[in-house]
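Trainee: Hi, could you walk me through this one? I'd like to begin with where the chains meet.

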Amino acid sequence: MTAAMTTPGIVIVGAGQAGVQTAEALRAGGYTGRITLLGDEPHGPYHRPPLSKAWLAGEMDAAQLVLRAPEMLARKGIELRTGVTVRRIDRATRTLQLADGGTLPYSGLVLATGATPRALPLPGADAEGVLPLRSRADASAIAGRMATCVAQDRPVVVIGGGFIGLEVAATARKKGARVTVLEAAPRLLGRVLAPVLSDWYADLHRRHGVRLVFDAQVAGIEADAGGVHGVRLADGSVLPAGLVVVGIGVAANDVLAREAGLACERGIVVDACGRTSDPAIVAAGDCTARRLPDGSLLRLESVQNATEQGKSAAAALLGQERPFTTTPWFWSDQYDRKLQMAGLSAGADAWAVRGDMAAGGFSVYHFQGERLLAVDSVNAARDHLQARKLLDAGLSPTPWQAGDVAFDLGQLLKA
Amino acid sequence: MAHITYVEANGQSTTIDLADGWSLMQGATTSGIEGIIGECGGSCACATCHCYVDDFLAGVLPPPSQGELDMLENVVAERRPNSRLACQIRASAALDGGVITLPECQE
């Protein structure tokens, strides 16, 4: 045993994408001490993106969902412990208190605790068959209930017209369920997409047979011994439902950090390198809120954020600066359409559409004045990749150039 | 079922049995083969499962979709005529005996 192996080493709380990435980046960065990866689920790390799509549709088995094989982690000297819940961080002694009564010392700590779906703050929301979608177990529960709904011709109601809700709606239609999506705002994905693209997605879902209700005010869940049977709206009407999927956002899992006195504000506050207010503790992924140079906080929930912050956090523990400053990107698969988003569209006041929205492959360019903020591409991966390069380089086409397919946006990168 | 051989950049070769319907990316990440990342979980969204297929596979595989071709423009290692994304290749008996070579880097 080397000297390094006798120290407590680095403990990572959370065995999702960010936790696994941090562990692997520590090894890739030359760290030779102990790495302990703690997960609170019974199984090892798995891919979350397919949960609302191929997994929910029953097109994948558990083995296909595996993110990293346990033997692969073991070979890298990453000790995976599943089914472990951390109760408390004692920063003074650098020790974790575990739910099973045990303790675990650390010399460096990574918080990759993820996020928890917001619960519907309404009567009946805890009824059987009212389900969020976050974990593999959640998705399996939804799939089971959905199959019953299809067999009995009972409707599925999705509360929340965001990405999770719409992906679930698309999968439910694929499985033959009757689906209604209730959205509190006047349009789908209103905080993210340009109005023209919200409308396009509404059309897409309607053409696939989804009923959309906008400005919907949900008042309660109707349930009996058999679980949920309806969703009551503020106007008193009741939509029958055999399954209600709640997709109204998530809250960062920052309780451990907050109780330990780390700076938290809508998440564990980190800098661009994943550092928290304690030099021995870093954080990565959905649990974080990044403090930007202008003082504002940026919360991202994405695979890219998890992996990039994981790499930054690992570097920070190794005493290196590796800020994550590249353009954020996201994607969403609904039916046969792949939406790929680059940049952050908040504050946009003008939009240009490139390509043919009726034909399917097109992109929407978001501008604030003359400055390009974000690009949303539908079945147009080339536009998306180019947009990431443009945004990384701080380059803006004019709205007129963006909207003109005869104008080669790639030439801006060569200038 | 297909026997697929993965040759990592350091020359290490591993042959695994892939059930029908499994992607070559899933086979690699679940079997502990280094050199394929598959960050996006097989959604053709990240280009971190780049591989080079052998002549046999090149002959039997359906051509890449436009989406895959576009993503291949973003791979980090050298793109070659036989470059593919392992998440977009589904195992079947027709691929039995195929060999893919993995690039030195994915990101």
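Trainee: How many residues does the contact take from chain B and from chain A?
Mentor: The contact takes 17 residues from chain B and 22 residues from chain A, where two residues touch if their C-beta atoms, placed from the backbone, lie within 7 Å. This is a predicted model, where local features need pLDDT of at least 70, side-chain atom pairs count only at pLDDT 80 or more, and totals for chains, interfaces and linings use all residues. Residues are numbered from 1 along each chain as its sequence is written, with chains lettered from A and ligands numbered from 1 in the order in which they are written.

Trainee: Which element gives the largest share of chain B's side?
Mentor: That is α1(B), with four residues. Helices here are DSSP runs (H or I, at least four residues), as are strands (E, at least two), numbered from the N terminus.

Trainee: Switching to chain A, which way do the residues of strand β10 point?
Mentor: A:V156 and A:V158 point one way from β10 (residues 156-159), while A:V157 and A:I159 point the other way. All are buried, meaning 20 or more other C-beta atoms within 10 Å of their own (12 or fewer is exposed, in between is partly exposed; C-beta atoms are placed from the backbone).

Trainee: And which strands pair with it?
Mentor: β10(A) runs parallel to β11 (residues 179-182) of chain A, joined by four bridges, and parallel to β16 (residues 243-246) of chain A, also by four bridges. Pairing needs at least two DSSP bridges between the strands. A:V157 stands opposite A:V244 in β16(A).
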